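Let's take a walk through a protein structure together. Have a look at it first, turn it around a little, and then read on.

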Amino acid sequence: METRRSTSNPMAPVHFGTLNYAVLAVYLLGMIGVGLFFARKQENTEMFFLGGRKLPWLAVAMSMYASLTSAVTYLGLPGSAYSENISLIIVCIMSPIVAPFILLLFYPLYHRLQVTTSYEYIEQRFGPRARRGVAGLFVLARLGWLGAVVYAPAMAMAVVTGIPLWGCICMMGLLATAYTALGGIAAVVWTDAIQFVILIGGAVWVAVSLTNGVDGGAGAIIQLAGETGRLHIADWKINLFAMSGPVVAFSFFFQLMQDYGTDQVTVQRLMATGSLKKTVKAVAFNACTDFFIIALLLFIGLGLFAFFQDATLPESITPDKMMPFYIIHHLPAGVSGLLITAVFAAAMSSMDSGLNSIATVLINDFKITAHGSRLTDVALARIFTIAIGLFATGVAFYVSTIGSILKAFFSFMGMFGAPVLALFLLGVLTRRGNFAGWTVGLGASIVASLWIQKGTEIHEIYYFPFSFLVAFGTALLASRFFKTELAPVCLTALRDRKNDG
């Protein structure tokens with residue numbers, strides 16, 4: 001297959017160029033400007049963390065999608081299709097399937113209880129120790145996640161500019177921390193809405209460019225993908241060491257339920273809409289958008305595979321680096337700057353959301369206040385945001401030692417996120433489930449996760465469902481050995497199906 005490549009030498013030293021730097025600088029200054037604009041409106045923590053519960057549902061929906069479509073996704077999905085197959089296309093199908101479950105199981109409870117964090121529900125269902133425990137797991141999971149979303153664009157910038165990786169990591173972490181600390185959730189949501197447009201526009205541009213760059217266009221790209229096994233996603237044979245469609249469906253059913261139903265990054269945005277009706281609209285928008293953007297990113301990976309099929313590439317260009325490498329070597333100046341900006345947008349939309357959500361959890365769920373000091377509650381929230389941003393930037397240096405950014409993501413979320421989902425489902429689906437039983441399940445899950453991640457070669461797509469099933473199954477069984485009163489029906493999903501549906 002022939003490709004119409006530019007004359008750029010892929011082995012030549014990389015120069016980002018003045019025009020590209022200018023495009024990137026305009027974007028970064030614009031994000032800081034949004035933070036400054038909303039900084040003066042942060043009168044109290046209700047405004048800083050929830051925007052007064054009056055944010056438009058469409059902006060919230062765009063923010064929610066941009067937050068979860070991090071640079072891990074933006075660079076990792078094309079890399080996965082390039083090196084393995086497009087099994088992750090199944091996520092497009094699972095997102096609308098999971099949506100009704102989270103809208104029936106979780107959000108009627110959250111809106112009726114008027115929570116700021118999802119872990120306030122856990123306190124009412126299981127007690128204050130459970131709330132602090134699960135909030136702590138969220139903080140650990142999202143700190144690891146933040147490290148990955150800082151590392152991914154920093155890695156991209158190191159590839160395309162020649163700036164040392166450590167410098168890129170520091171720059172990314174500090175910029176996202178700055179505007180988040182200034183403007184709170186309002187700045188996060190509105191910058192995310194801008195970043196949503198940039199990241200989708202950038203992906204469309206790359207896909208069109210690759211289609212035009214390969215002789216035969218999209219048809220030839222798909223044909224080559226089929227010939228090389230990259231479209232074989234419906235292999236029903238169980239293979240613990242490879243990714244397939246059915247396994248992705250099983251894994252992401254639980255992972256999406258955790259992301260959209262219990263994770264504070266999402267719950268905080270959906271509670272900021274102010275009503276269950278607006279929450280439904282935002283979730284529906286997100287599910288529909290998944291169909292488009294995931295398929296598009298995987299197509300980009302197939303396009304990159306076709307475009308570089310016969311090319312000799314530097315050894316440092318791993319699958320995660322393929323898209324930024326293509327952008328800088330095969331697109332004109334200005335355009336390449338705009339598309340690298342899309343990578344930044346994908347990362348910063350996740351970084352800002354994580355910082356604000358972790359600060360919300362620390363202050364609300366661990367009940368840290370400014371009372372007795374000269375600080376206001378908003379000032380305390382900003383201090384926490386800055387501290388978390390600095391720590392997450394440090395975590396990014398550890399993530400850089402893991403290798404694959406998708407593997408880093410699955411590792412952190414499997415270890416800490418899956419047991420959280422187990423506790424929520426234990427609460428909404430049972431009356432006998434108790435915190436003591438879940439604690440036993442948590443211990444078993446952590447041991448099992450360490451074993452599967454460090455002691456085996458099992459594919460990382462199994463990490464999350466394996467950890468969840470161990471935690472939930474053990475908790476169900478162990479709860480029978482601890483005598484506690486039955487939970488009120490009103491704190492389970494049974495009441496909501498009858499009265500709130």
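## A walk through the helices

Leaving out neighbours up to four places away in sequence, Ala381 is in contact with Phe48, Phe49, Ala359 and Ile363. Keep in mind, as you look for these residues, that the model is a predicted one. Ala381 sits in helix H16, which covers residues 377-399. Now pick out Phe49, one of those partners. Ala381 and Phe49 are 332 residues apart along the chain, yet 8.8 Å separates their C-alpha atoms. Is Ala381 buried or exposed? Its relative accessibility is 0%, so Ala381 counts as buried.

Let's step back and look at the whole thing. How many helices and strands are there in the protein? You'll find 20 helices and 0 strands. For 501 residues, a compact globule would have a radius of gyration near 23 Å, and the protein agrees with that because its value is 22 Å. If you lay a ruler along the principal axes, the C-alpha trace spans about 70 × 55 × 40 Å.

Contacts tell you how the chain comes together. Take the contacts with a separation of 6 or more: residues 24 or more positions apart account for 86% of them. Buried residues, meanwhile, make up 61% of the 501 residues. As for the outside, the accessible surface comes to about 18,700 Å², and 67% of that belongs to carbon and sulfur atoms. Charges come next: there are 31 positive and 24 negative side chains, and the centres of the two sets lie 12 Å apart.

Back to single helices. Find H14, residues 322-330, and ask how many of its residues are buried. The count is 9 of the 9, so H14 is largely enclosed by the rest of the structure. Among these buried residues are Met322, Pro324, Tyr326 and the pair His329 and His330.

The next stop is H15, which runs over residues 335-365 and holds Ser349. With a relative accessibility of 0%, Ser349 counts as buried. What does Ser349 touch, once residues up to four places away in sequence are set aside? The list is Ala66, Ser67, Thr69, Asp192 and Gln195.

Asp290 makes a nice companion to that one. You'll find Asp290 in helix H13, residues 276-307. Its relative accessibility is 4%, and under 20% is the cut-off for buried, so Asp290 counts as buried. Apart from residues up to four places away in sequence, Asp290 touches Tyr65, Cys92, Ser95, Tyr260 and Ala295. You can also trace from Asp290 to Leu256: they are 34 residues apart along the chain, with 11 Å between their C-alpha atoms.

Cys92 turned up in that list of partners, which brings us to the cysteines. A disulfide is a covalent bond between the sulfur atoms of two cysteines. How many disulfides are there here? The count comes to 0. Cys170, for instance, is in no disulfide, and the nearest cysteine sulfur, that of Cys168, is 9.4 Å away. Cys170 has 28% relative accessibility, so it counts as partly exposed. Then there's Cys288: its sulfur is 12 Å from the closest cysteine sulfur, in Cys92, and that is too far for a bond. At 53% relative accessibility, Cys288 counts as exposed.

Now for a loop. Gln114 lies between helix H6 (107-113) and helix H7 (119-126). Gln114 isn't a glycine, but it has a positive phi of about 55°. Its relative accessible area is 41%, so Gln114 is partly exposed.

Follow the chain from that loop and you reach H7, which is mostly covered, with 6 of its 8 residues buried. Those buried residues include Tyr119, Glu120 and Arg125. After H7 comes Gly127, whose phi is positive too, near 110°.

One last helix: H8, residues 128-161, is the place of Gly133. Is Gly133 buried or partly exposed? At 29% relative accessibility, Gly133 counts as partly exposed. To finish, find Phe366: Gly133 and Phe366 are 233 residues apart along the chain, while their C-alpha atoms are separated by 9.7 Å.

Notes. Residues numbered from 1 in each chain as written. Predicted model: local features only at pLDDT ≥ 70, side-chain atom pairs only at ≥ 80, totals over all residues. Heavy atoms only, no water. Helix = DSSP H or I, 4+ residues; strand = E, 2+ residues; numbered from the N terminus. Rg over C-alpha atoms; globule rule 2.2 N^0.38 Å. Buried < 20%, exposed > 50% of the residue type's maximum accessible area, 1.4 Å probe, protein only. Contact = heavy atoms within 4.5 Å. Areas by Shrake-Rupley, 256 points an atom, 1.4 Å probe, with all protein chains shown as cover. Lys, Arg positive; Asp, Glu negative; His and termini not counted. Charge placed at Lys NZ, Arg CZ, Asp CG, Glu CD. Disulfide = S-S within 2.5 Å.
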